[in-house]
Amino acid sequence: IVYVSDRGSEHPNLWEVRPDGSGMERLVEASHDLLWPTVSPAGRTVAFTRNADNENQVCVFVDGAVRQLTDERGVHTELAWIDERRLVCVYQSPLAPPDLWEITIDGERRQLTFSATGGVVGSDLVLPEVISWQSHDGLTVHGTLFSPRDIQPGKHPLIVHIHGGPVGQANK
């Protein structure tokens, strides 16, 4: 059984345990949250996502090593195996609505669905900047800054969306 747990760490890491509860072992330790673990049909490869800088990238754990399969800006979720070499997932970004994508263990990607969000075209949107700053008590606060394409100092309103914590994240 493969699962994620923050046992002994401040981030969920990838663990394995036998069905009887024995043999608990950490497979992957990371300084980022590891999410969506899924074992390939033959049981040789574990796919999961690694959350870093407000993005979820698809990785695999095979033969004792981690390999990242994706690097597109955005969020990959809902991982599932099609067969031993291909995964399907939901991918979305600030420029693209959620769609189904096929990803091979070689990192090749193919879009399977083509959604539209109320007539908004991705080329009209901008990618955000991941930012951080120190709060009054010294805690590092992380944020995502969406700036207009053509910045005119003093001419744009500011909208702040604050979500709860301490470990919650708005990344879509």
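Strands are DSSP runs of at least two residues, numbered from the N terminus. By this rule, Gln134 falls in strand S12, which spans residues 129-134. The model described here is predicted.

The overall make-up comes first. The protein has 0 helices and 13 strands. Read along the sequence, its pattern is β-β-β-β-β-β-β-β-β-β-β-β-β. Along the principal axes, the C-alpha atoms fill a box of roughly 60 × 45 × 20 Å. The protein has 172 residues, and 28% of them are buried. About 11,000 Å² of surface is exposed. Carbon and sulfur atoms supply 53% of that surface. Contacts along the chain were also examined. Among contacts between residues at least 6 apart in sequence, 25% join residues at least 24 apart.

Strand S9 has strand partners in S8 and S10. S9 covers residues 86-93. Of its 8 residues, 6 are buried, so S9 is largely enclosed by the rest of the structure. Strand S8 holds residues 75-83 and runs antiparallel to S9. The two are joined by 6 bridges. They form a hairpin, with 2 residues between them. One bridge pairs His76 with Tyr91 of S9. S9 also runs antiparallel to S10, and here the bridges number 7. A hairpin again makes the link, through 2 residues. In this pairing, Arg86 has Thr104 of S10 as its bridge partner. A general point applies to strands of this kind. In a regular strand, side chains alternate between the two faces of the sheet.

The aromatic residues give a further view of S9 and S10. A pair of aromatic rings is described by the distance of the centres and the angle of the planes. The structure holds 1 such pair. It is formed by Tyr91 and Trp101, whose ring centres lie 5.8 Å apart. Their planes meet at 85°, and planes over 60 degrees apart count as edge-to-face. The pair is therefore edge-to-face. Tyr91 belongs to strand S9, while Trp101 belongs to strand S10, residues 96-104. The two residues are 10 apart in the chain, and the pair links distant parts of it. Both Tyr91 and Trp101 are buried.

Arg109 adds a charge to this picture. Its charged end sits over the ring of Trp101, 4.0 Å from the ring centre. Arg109 also lies over the face of Tyr91. There the distance to the ring centre is 4.7 Å.

Gln57 was examined next. This residue lies in strand S6, residues 55-62. Its relative accessible area is 7%. The limit for a buried residue is under 20%, so Gln57 counts as buried. The side chain of Gln57 makes a polar contact of 2.7 Å with the side chain of Thr70. A polar atom of the Gln57 side chain also lies 2.7 Å from the backbone oxygen of Glu72. Residues up to four places away in sequence were set aside when the neighbours of Gln57 were listed. The residues that Gln57 touches then include Phe48, Thr49 and Arg50. Gln68, Thr70, Asp71 and Glu72 are also among them, as are Gly74 and His76. His76 is the residue whose bridge partner in S9 is Tyr91.

Asn54 sits in the loop between strand S5, residues 45-52, and S6. Its relative accessibility is 19%. Buried means under 20%, so Asn54 counts as buried. The side chain of Asn54 forms a polar contact with the side chain of Thr144, at 2.8 Å.

Gln134, in strand S12, is in another setting. Its relative accessible area is 51%. Exposed means over 50%, so Gln134 counts as exposed. Leaving out residues up to four places away in sequence, Gln134 touches Leu139 and Thr140. With Thr140, the side chains share a polar contact of 2.9 Å. Val120 gives a second reference point for Gln134. The two are 14 residues apart in sequence. In space, their C-alpha atoms are 35 Å apart.

Key: Residues numbered from 1 in each chain as written. Predicted model: local features only at pLDDT ≥ 70, side-chain atom pairs only at ≥ 80, totals over all residues. Heavy atoms only, no water. Phe/Tyr/Trp six-rings, centres within 6.5 Å; stacked < 30°, edge-to-face > 60°. Helix = DSSP H or I, 4+ residues; strand = E, 2+ residues; numbered from the N terminus. Buried < 20%, exposed > 50% of the residue type's maximum accessible area, 1.4 Å probe, protein only. Lys NZ or Arg CZ within 6 Å of the ring centre and 35° of its normal. Polar contact = N/O pair within 3.5 Å; in protein donor to acceptor, adjacent residues only side chain to side chain. Contact = heavy atoms within 4.5 Å. Areas by Shrake-Rupley, 256 points an atom, 1.4 Å probe, with all protein chains shown as cover. Pairing = 2+ DSSP bridges.
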